[in-house]
Structures are given as C-alpha cells and as structure tokens.
Amino acid sequence: MRGVLVDLTGKTFGRLTVVSRAKDDKNNNSRWNCKCSCGNEKVIKAVNLKNGNTKSCGCLALELKSKRSLKDLTGKVFGRLTVVSRTNTIGTPPTWKCKCSCGNEKVILGYSLRRGDTKS
C-alpha cells in the first residue's frame, strides 16, 4: 500500500530544486523534475531525493573527482611563467592565469605548462 504523496515542488535537496512532478516510473515510484544549481535538469525518484542518494545532476561527483585529481599549480614556475590562479570551471581542461617575467599575463592550459610546451 502506497503512502500519501508529499508535494516536493520548490524544495531543495543538495544542489537540486524540485520544479514539478514527473511521470511515475514503471514500478510506480514517484519521480520529480529537478533543476540543478549548475543549470542541468533531471528527473529523480522521490526516494533518492529524500534519502540523500541523489544530490545533483551528476556535476557534484565530477567536481569532487576533478578536485581529487587536480594538481594545484598556483605559485609554480614554468620557464619564465609563474602561475597566478586557475581560470576555468571544474570539469573542463584546467587553464591557469600566468604572469611572465616580462610582466605580460596569459591564460594557458595546464598540460601545456607541465609538458614544457609553453614557457613564456
């Protein structure tokens, strides 16, 4: 016997905000249309929202994985370039704002710095 359906519209679970009710799945599990803080939309089972199994559209897992594997190059020197900061969003190839010893600044791909392709 099913319990009473609770309206989740407008509620936030992690990075997901429930927008509207979606069609139940083939096992009659209630599902909801959700919008992630990154802008993606996804249909999520109510049980997964409520128990915390689903906190985002998938962007959170990618972000955490990227943070674990990303080597921070800030302050490192490559040739005449000193890395000032990371410039792009998680999930894309890392780019870094660098300052050359001549005073110019440039954004450079991290692997280009590490491989020695760009030195000034």
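**Exercise 1. Decide whether G79 is buried or exposed in this predicted model, and place the residue in the chain**.

Solution. G79 has a relative accessible area of 57%. The cut-off for the exposed class is over 50%, so G79 is exposed. As for its place in the chain, G79 lies in the loop between strand 5 and strand 6. Its C-alpha atom is separated by 8.0 Å from that of T118, although the two residues are 39 residues apart along the chain.

**Exercise 2. Work out the order of the strands in the open sheet of four strands, and find which strands stand at its edges**.

Solution. Begin with the order, which is 5-6-7-8, with antiparallel pairing. Strand 5 (77-78) and strand 8 (105-109) each have a single partner strand, so one side of each is left without a neighbour in the sheet, and these two stand at the edges. Turning to the pairing at one of these edges, strand 5 and strand 6 (residues 81-86) run antiparallel and are joined by two bridges. Within this pairing, F78 stands opposite L81 in strand 6.

**Exercise 3. List the residues of the largest nonpolar core, and determine which element gives the most to this core**.

Solution. The core has twelve residues in all, namely L8, F13, L16, V18, W32, C34, C36, I44, A46, L49, C57 and C59. The elements that give two or more residues to this core are strand 2 (16-22), strand 3 (31-36) and helix 1 (46-50). Of the elements, strand 3 gives the most, with three residues. Another core, of nine residues, lies apart from this one, and its members include L81, V83, C98 and L113. To look at a single member of the largest core, take F13: not counting residues up to four places away in sequence, F13 touches L8, V18, L49, K50 and K55.

**Exercise 4. Describe the surroundings of R21 through its salt bridge and its position over a ring**.

Solution. First consider the ring: R21 lies over the face of W32, at 5.6 Å from the ring centre. Next consider the charged partner: R21 forms a salt bridge with D24, in which the closest N and O atoms are 2.3 Å apart. Finally, compare the accessibilities with the classes: R21 has a relative accessible area of 33% and is partly exposed, and D24, with 23%, is partly exposed too. As for pairs between aromatic rings, a search of the whole structure finds zero.

**Exercise 5. State how many salt bridges a search of the whole structure finds, and examine the pairs D25 with K45 and E105 with K97**.

Solution. The search finds four salt bridges. In the pair of D25 and K45, the closest N and O atoms are 3.7 Å apart. D25 lies in the loop between strand 2 and strand 3, whereas K45 lies in strand 4 (residues 41-45), so the pair ties together parts that are 20 residues apart in sequence. D25 has a relative accessibility of 15%, and because the buried class covers values under 20%, D25 counts as buried. K45, by contrast, is partly exposed, with a relative accessible area of 31%. In the other pair, the side chains of E105 and K97 meet in a salt bridge with an N to O distance of 3.3 Å. E105 is partly exposed at a relative accessible area of 46%, and K97 counts as partly exposed at 31%.

Conventions:
Residues are numbered from 1 along each chain as its sequence is written. This is a predicted model: local features need pLDDT of at least 70, side-chain atom pairs count only at pLDDT 80 or more; totals for chains, interfaces and linings use all residues. Side-chain values use heavy atoms; hydrogens and water are left out. A nonpolar core is a set of buried Ala, Val, Leu, Ile, Met, Phe, Trp, Tyr and Cys residues joined through side-chain atoms within 4.5 Å. Buried means under 20% relative accessible area, exposed over 50%, partly exposed in between (1.4 Å probe, protein chains only). Contact means heavy atoms within 4.5 Å. Two strands pair if DSSP finds at least two bridges between them. Rings of Phe, Tyr and Trp (its six-membered ring) pair if their centres lie within 6.5 Å; planes under 30 degrees apart count as stacked, over 60 as edge-to-face and the rest as tilted. A charge sits over a ring if NZ of Lys or CZ of Arg is within 6 Å of the ring centre and within 35 degrees of the ring normal.
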